[in-house]
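Got your viewer open? Let's take a walk through this one together, one selection at a time.

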Amino acid sequence: MTTTARSFVDDFRTIPDMLHHTVAKWPDREAFRQYDYTEKRWFSITWKVFNEAVLRWRRAFTAMGLKKGDRVAMLLTNCIDAVTFDEAALGCNLVPVPLHAIDTAGSSAYILRDSNAQFLVTTSRARWNAIAEASSEEGLPDMRYVVFTNEDMPEGTKSPLGGHDIELLGIDAWLARGASITDDQLLPEPEADDLAGFIYTSGTTGRPKGVMISHRNIVSNVQQISQCFEFNEEDVFLSFLPFSHTFERTVAHYNSLAHGSAMAFARNAALIENDLREVQPTLMCSVPRIYEKIHQRFLHDLAVGTEEKRHQTAWALEAGWRRFAEANHLPIETSPRAQLDDTVWPRLDSEIASEVRDAFGGRLRATFAGGASLNYAVARFFCALGINILQVYGLTETSPIVSFTRMKDNHPDCVGHPAPNCEVKLGANDELLVRGPQVMLGYWNRPHDTEAAFEDGWFRTGDQADLSDGGRVRIKGRIKEILVTSTGEKIAPVDVEFAIQEDRLFEQVIVLGDNLPFVTALVVLNDHLWREFCTELNLDPDDEATLTSRDVQRHILRRVRQTCKAFPQYGVPRAIALTREPWTVENGMLTPTMKLRRPQILTAHAKLIEQLYAGHTTR
């Protein structure tokens with residue numbers, strides 16, 4: 001792949017270098033935008049004002065007597081305080097440890113203890129009390145200060161834990177302690193090889209590991225990404241993925257920092273579509289679940305709309321896809337009405353495609369999809385109607401980007417070409433191996449895990465891949481998640497799950513069959529469509545017995561087989577278990593980046609799954 005000419009981004013060595021450049025070049029441009037719930041409006045701060053806040057935090061960190069490499073933690077949703085903490089900690093050559101804002105208190109306590117964090121900033125005493133209670137047995141021996149952004153503390157407030165007292169302060173009182181620190185007394189800034197974060201993998205199994213990422217890792221990745229996509233100071237990111245997720249941290253935050261782009265912080269996941277319309281971003285990062293939910297909403301609106309609207313939308317999708325395929329050098333699907341595309345497209349674009357673009361704010365240049373596999377049908381829908389979903393691939397251990405889809409080389413079934421200066425190859429079992437400047441230093445305090453993560457200097461991703469499409473990377477699935485039935489058949493569960501989800505009745509799906517005689521599935525039902533489905537069969541949707549009735553099972557299996565007709569027979573589920581309770585981050589069934597926690601789901605629904613295989617034996 002060709003790369004762009006050298007730019008100012010290539011001169012950066014550390015993350016503070018990015019801030020210094022942007023503040024010097026665009027001091028009065030908008031840096032960050034946030035919603036004020038009290039005044040019920042959005043407000044902004046400039047890069048100059050932000051830099052002043054960072055310096056106040058740097059003085060307070062210096063006053064604590066911290067030294068190079070000490071860990072400091074954050075438990076905040078995406079907000080101005082969160083990015084201020086991050087830049088101040090990095091500017092003092094400290095190591096930020098971002099916690100998942102919606103994770104459990106027990107998980108937060110584990111990360112604080114494992115990282116030896118000495119400082120925590122969070123919103124309230126209640127958040128801290130939950131962590132302290134979860135830490136009551138093992139304690140947090142290194143913790144010294146907890147600072148609250150939304151709550152003041154009386155002078156001298158202590159929290160006894162594990163045999164020592166932890167000081168609790170409001171943010172203003174803590175910042176005041178650094179007021180007398182002069183600029184020449186500040187902790188020195190980092191070098192390229194110094195640590196820039198412990199990013200704990202969310203993990204679908206086991207305890208999270210602290211991934212050690214250096215300034216060189218992150219800066220290299222920002223430089224690689226900048227050669228794949230043209231960012232500029234006019235861009236506005238909408239930020240809603242957690243900063244504990246390297247995808248949001250690098251692709252959105254550090255890229256906006258490097259290029260002087262503005263960043264608006266979304267209020268919450270439930271208000272994403274409202275925030276898109278109000279902020280009107282030009283760029284954003286998202287995990288597939290967000291696109292899927294917006295896609296489901298459009299399909300529902302079509303289902304209850306007019307026949308004419310459905311006909312127009314189908315034509316817009318057909319014509320729009322041909323236009324997209326031509327622009328991105330993909331095979332063009334022929335149709336008797338293809339010759340009418342140029343004539344009808346202006347109207348279809350105005351009446352159909354623009355409605356979809358308006359749902360994303362109307363100004364979106366591109367949206368970057370990562371963190372998990374994206375359903376091809378969902379990607380195709382949006383790409384056909386003018387939403388440029390650029391799929392990327394990476395891992396926490398690669399800071400995170402390994403491959404990136406370019407604007408004029410977009411294949412929705414792939415995750416782009418390898419980033420510049422990043423080498424990839426296939427190892428045993430088609431495992432994708434990666435080598436490049438963005439690859440982590442290792443796992444904190446886990447030398448054996450670090451050693452196992454590499455093979456002759458190449459990082460082992462744990463993902464099966466295909467590189468045969470002109471060098472594009474196509475991910476086939478996690479090696480550990482490939483199902484092998486007791487008859488020896490191998491199935492990639494994600495492909496089957498995506499196919500089943502094309503029927504809107506099935507909100508969430510997990511396919512089963514590893515070491516079992518045949519493939520089955522456990523599905524979460526869309527509540528509205530489930531009620532419609534039951535009405536047609538004259539059944540009570542709220543009666544638990546309805547979920548297992550023979551009539552329902554017969555109809556459900558017929559629908560599932562229809563969605564899976566392209567798969568070999570051994571890959572089609574032979575039995576389906578139904579549940580109405582969604583899998584969420586809050587109930588522990590999804591990671592903070594909204595991936596399925598397969599072991600937790602299987603454990604929670606063990607009885608249902610047992611019934612699927614009743615009368616059959618495993619090998």
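**A tour, starting in a loop**

Start by selecting Asn 515, which sits in the loop between β26 (506-512) and β27 (520-525). Keep in mind that you're looking at a predicted model. Asn 515 isn't a glycine, yet its phi is positive, at about 65°. Is this residue buried or exposed, or something in between? Asn 515 counts as partly exposed, with 31% relative accessibility.

Next, jump to Asp 430, in the loop between β18 (423-426) and β19 (431-435). Here you'll find another non-glycine residue with a positive phi, this one of about 60°. The relative accessible area of Asp 430 is 31%, so it is partly exposed.

Now pick Ser 399 and Pro 400 together and look at the peptide bond between them: it is cis, with omega at about 5°. Pro 400 belongs to the loop that runs between β15 (389-394) and β16 (401-404).

One more loop to visit: select Arg 472, between β22 (458-466) and β23 (474-478). What is its relative accessible area? It comes to 9%, and the cut-off for buried is under 20%, so Arg 472 is buried. Show what lies around Arg 472 and, beyond its neighbours within four places in sequence, you'll see contacts that include Asp 409, His 411, Asp 466 and Asn 328. Leu 330, Cys 414 and His 417 are also among them.

Time to go inside. The largest nonpolar core has 131 residues. To get a feel for it, select the residues with the most contacts inside that core: Phe 32, Phe 61, Phe 119, Trp 174, Phe 360, Phe 368 and Phe 382. Then stay on Phe 368. Setting aside neighbours within four places in sequence, Phe 368 touches several other phenylalanines, namely Phe 229, Phe 231, Phe 237, Phe 247 and Phe 404. Its other contacts include Met 284, Cys 285 and Tyr 291.

Finally, zoom out and switch to a cartoon view. You'll be looking at 19 helices and 28 strands. The radius of gyration is 25 Å, close to the 25 Å that the globule rule gives for 619 residues, so the protein is as compact as a globular protein of that length. Its C-alpha atoms fill a box of roughly 75 × 60 × 55 Å along the principal axes.

Try colouring by burial, too: 58% of the 619 residues are buried. If you show the surface instead, the accessible area is about 26200 Å², and 49% of that belongs to carbon and sulfur atoms. Last stop, the charges: there are 66 positive and 83 negative ones, and their mean positions are 2 Å apart.

Conventions
Residues numbered from 1 in each chain as written. Predicted model: local features only at pLDDT ≥ 70, side-chain atom pairs only at ≥ 80, totals over all residues. Heavy atoms only, no water. Core = buried A, V, L, I, M, F, W, Y, C linked by side-chain atoms within 4.5 Å. Buried < 20%, exposed > 50% of the residue type's maximum accessible area, 1.4 Å probe, protein only. Contact = heavy atoms within 4.5 Å. Helix = DSSP H or I, 4+ residues; strand = E, 2+ residues; numbered from the N terminus. Rg over C-alpha atoms; globule rule 2.2 N^0.38 Å. Areas by Shrake-Rupley, 256 points an atom, 1.4 Å probe, with all protein chains shown as cover. Lys, Arg positive; Asp, Glu negative; His and termini not counted. Charge placed at Lys NZ, Arg CZ, Asp CG, Glu CD.
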